Amino acid sequence: KFSNKVVASVACDVLHLLVSYWKGLQNYESPLSRKIPEILVATIAFLLPSAEYSSVETDKKFIVSLLLCLLDWCMALPIQSLLEPVSTSVLDDQLSARAPLLDYVYRVLHCCVCGSSTYTQQSNYILSLADLTSVDYDPFLVLGNVKNSEPQYTYSYSDLGNLLTVAEEKKRRSLELMPLTARMVMTHLVNHLGHYPLSGGPAVLHSLISENHDNFYVESSELSSEVFRSPNLQLFVFNDSTLISYLQIPAERTLNDDFAGVASDVRIIVRDISGKYSWDSRIFYGPLDNHQIGFKGGKTPVNPSSDQQPVDSGANLHEHEEEEDVLDKLLEQLGNMSPECLLYPEFKLNEPAQPPFGMNHDQECDIIEAIHRQSIQEEEHIGRYNTDLGMNVACQEEPSPAEPQAPFYFCRLLLNDLGMNSWDRRKSFHLLKKNSKLLRELKNLDSRQCRETHKIAVFYIAEGQEDKCSILSNTGGSQAYEDFVAGLGWEVDLSTHCGFLGGLQRNGSTGQTAPYYATSTVEAIFHVSTRMPSDSDDSLTKKLRHLGNDEVHIVWSEHSRNYRRGIIPTDFGDVLIIIYPMKNHMFFIEIMKKPEVPFFGPLFDGAIVTANLLPSLVCATCINASRAVKSFIPLYQSFYEERALYLEAIIQNHKEAMTFEDFAAQVFSPCPSCSLSGTD
């Protein structure tokens with residue numbers, strides 16, 4: 001709606017900044033923290049049709065900024081808040097049930113992937129700005145026309161030609177930025193919503209497991225060609241967008257393992273546009289003894305192997321089974337209560353029956369004697385032939401359990417249970433060719449970042465310091481400076497840190513710790529000059545190399561004169577954010593940037609900030625400044641664009657086309673023989 005994209009972009013950055021303060025906004029006014037993502041969803045839906053057909057690159061980039069801002073808001077808010085229905089205007093039909101906010105988020109992401117025409121045929125499919133009209137929010141305000149004072153930076157053909165070939169340039173341009181970003185946001189929400197940070201801390205976002213870990217057939221500690229010769233591994237492509245590895249590994253046995261399972265697990269490793277994930281699964285046949293399974297309604301099934309017996313209305317009858325004849329008692333009661341059941345009125349039902357009509361006592365005795373004689377003859381026959389081997393029948397024995405010996409058996413069983421072996425899945429499920437080129441590309445893909453990364457330099461200048469040697473030799477600063485650095489992020493041990501390092505070393509040559517800040521989408525590490533060693537000329541040179549190569553510099557100056565750009569000589573340092581302490585815990589901000597760097601916020605040149613807001617505002621401004629610097633790099637690719645290109649190259653070059661019969665044979669038994677020459 002707003003013609004000036006710079007102002008709109010800074011407004012989006014401010015909304016991005018407010019993510020860190022969502023709890024405070026909720027305490028101030030409860031609906032406000034939910035109102036912001038609702039407005040973001042409606043704004044994206046409003047701008048999407050025009051941005052799709054716009055030839056202006058900034059229009060598409062602004063939609064991308066809104067999508068990334070929406071992602072961070074969804075990750076910050078509690079899931080319960082996202083599952084509540086949206087708050088529509090009072091003019092809307094109160095009887096019509098509205099879907100949860102998360103539902104509308106996925107709908108607008110689906111529209112960004114498939115096109116805005118997705119929702120034009122369905123009423124109320126997405127949120128509109130009119131739906132959110134309230135006393136506090138009017139989406140139809142008349143907007144002023146602010147001219148853009150920023151000069152447009154253009155690239156020469158020679159710049160483009162020096163960076164990439166024509167084919168790579170066309171490939172890069174063919175990627176649609178908005179659908180790709182929406183796909184990344186969708187997969188990120190599926191994988192991380194309500195699941196970040198993990199137990200390993202915010203520095204861990206994706207799995208560090210590879211196909212060589214826990215692999216019985218591989219001795220190498222890293223991903224190598226030995227992996228492809230494993231008969232327990234197969235690699236697949238799903239939907240031409242995701243790489244899936246199925247690996248059969250030995251199961252971990254525990255003392256408290258109550259389930260009748262098997263000796264092998266199936267490990268599934270997934271690589272997609274948002275990262276890398278690993279799952280372990282096991283087949284279960286049922287519970288063992290003394291293991292109860294919960295049922296709805298509070299009913300507990302009886303374990304037939306336990307000592308407890310079911311209790312029913314006739315349970316007490318077993319206690320008196322030897323004292324009285326239960327059947328005799330029952331027949332007597334039945335005859336007394338229902339006389340019509342008596343065969344002969346003069347005889348009770350529990351009395352012995354009379355001999356048949358026409359049979360005397362002698363005949364009855366003869367019949368009884370004949371029955372006894374037959375019984376004796378049968379016993380003699382059994383005793384006579386009991387020792388005859390030809391007459392004996394072998395005892396039926398329970399078959400002993402057999403563990404499947406095939407190294408890929410449980411993997412193909414799981415694939416079959418998931419329906420991936422069916423003929424209908426052949427169009428979307430394929431094998432990968434195993435060769436050395438695939439190995440290199442997999443290792444390259446795993447080395448790519450799964451988040452946006454930034455490295456920022458921090459300098460401390462004391463009173464009277466005007467040369468680089470004295471500035472770089474500082475090993476500490478004032479208390480206000482140390483408090484500011486502590487507020488930029490949390491200290492991490494560089495020797496054990498598993499997140500983004502930004503070029504810092506684990507051996508202590510660049511310091512022992514560093515401030516680090518991370519969300520589920522961004523990582524930033526601060527190269528603090530006072531944290532790095534400065535005990536020799538070599539360490540000073542190394543410190544200047546690390547700090548000088550950063551595009552964004554924070555300069556804390558307690559000097560009485562203003563800082564000059566040339567004091568720290570470097571070809572980088574495109575943006576300088578200089579902080580001057582003032583009285584009453586206030587700080588003056590000066591921002592210097594190269595002319596080609598676009599405008600960024602939220603801090604601006606000449607701003608005055610309080611001490612408690614200074615670290616968070618400077619951190620947000622540094623991240624936006626780093627984004628602005630990268631935006632004018634020709635053909636710069638974000639982390640998910642890089643992953644998408646790597647995935648696309650792997651799928652195009654290594655997806656194996658084969659018949660259904662050959663595919664089934666490879667799934668039944670992965671062929672251990674593969675070409676590692678890299679030529680096929």
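Visitor: How many aromatic pairs does the count come to here?

Guide: The count comes to 16 aromatic pairs. Keep in mind that this is a predicted model.

Visitor: What describes a pair of aromatic rings?

Guide: You describe a pair by the distance of the ring centres and the angle of the planes. Take phenylalanine 236 and phenylalanine 663: their ring centres are 6.4 Å apart and their planes sit at 70°, so this pair is edge-to-face. The two come from distant parts of the chain, with phenylalanine 236 in strand E1 and phenylalanine 663 in helix H19, 427 residues apart.

Visitor: Are those two residues buried or exposed?

Guide: Phenylalanine 236 is buried, and phenylalanine 663 is too. Both also belong to a cluster linked by ring pairs, together with Phe238, Tyr246 and Phe429.

Visitor: Why is the pair of tryptophan 423 and phenylalanine 660 edge-to-face?

Guide: The planes of tryptophan 423 and phenylalanine 660 are at 75°, with the ring centres 5.4 Å apart, so that pair counts as edge-to-face. Tryptophan 423 lies in the loop between helix H12 and strand E5, while phenylalanine 660 is in helix H19, so the pair ties together parts 237 residues apart in sequence. As for accessibility, tryptophan 423 counts as exposed at 60%, and phenylalanine 660 is partly exposed at 26%.

Visitor: Let's turn to the backbone. What sign does phi have in most residues other than glycine, and are most peptide bonds cis or trans?

Guide: Most residues other than glycine have a negative phi, and most peptide bonds are trans. Now for this structure: aspartate 240 has a positive phi of about 55°. You'll find aspartate 240 in the loop between E1 and strand E2. Histidine 585, in the loop between E11 and E12, has a positive phi of about 60°.

Visitor: And which peptide bond leading to proline 197 is cis?

Guide: That's the bond from tyrosine 196 to proline 197, with omega near -5°. Another cis bond runs from glycine 601 to proline 602, with omega near 5°. Proline 602 sits in the loop between E12 and strand E13.

Visitor: Which residues make the nonpolar surface patch of about 260 Å²?

Guide: Met582, Phe588 and Ile608 make that patch. Methionine 582 is in the loop between strand E11 and strand E12, and it counts as partly exposed at 40% relative accessibility.

Visitor: One last feature: what do the buried residues of H1 pack against?

Guide: They pack against helix H4 and helix H17. Among the buried residues of H1 are Ala8, Val10 and Leu17. Helix H1 itself has 13 residues and reaches 18 Å from its first C-alpha to its last.

Conventions
Residues are numbered from 1 along each chain as its sequence is written. This is a predicted model: local features need pLDDT of at least 70, side-chain atom pairs count only at pLDDT 80 or more; totals for chains, interfaces and linings use all residues. Side-chain values use heavy atoms; hydrogens and water are left out. Patches are made of residues with over 30% relative accessible area and no salt bridge: like charges are joined within 9 Å, nonpolar side chains (Val, Leu, Ile, Met, Phe, Trp, Tyr) within 5 Å. Accessible areas come from the Shrake-Rupley method with a 1.4 Å probe; for residues, only the protein chains shown count as cover. A salt bridge is a side-chain nitrogen of Lys or Arg within 4 Å of a carboxyl oxygen of Asp or Glu. Helices (H or I, at least four residues) and strands (E, at least two) are DSSP runs, numbered from the N terminus. Buried means under 20% relative accessible area, exposed over 50%, partly exposed in between (1.4 Å probe, protein chains only). The expected span of a helix is 1.5 Å times one less than its number of residues. Contact means heavy atoms within 4.5 Å. Rings of Phe, Tyr and Trp (its six-membered ring) pair if their centres lie within 6.5 Å; planes under 30 degrees apart count as stacked, over 60 as edge-to-face and the rest as tilted.
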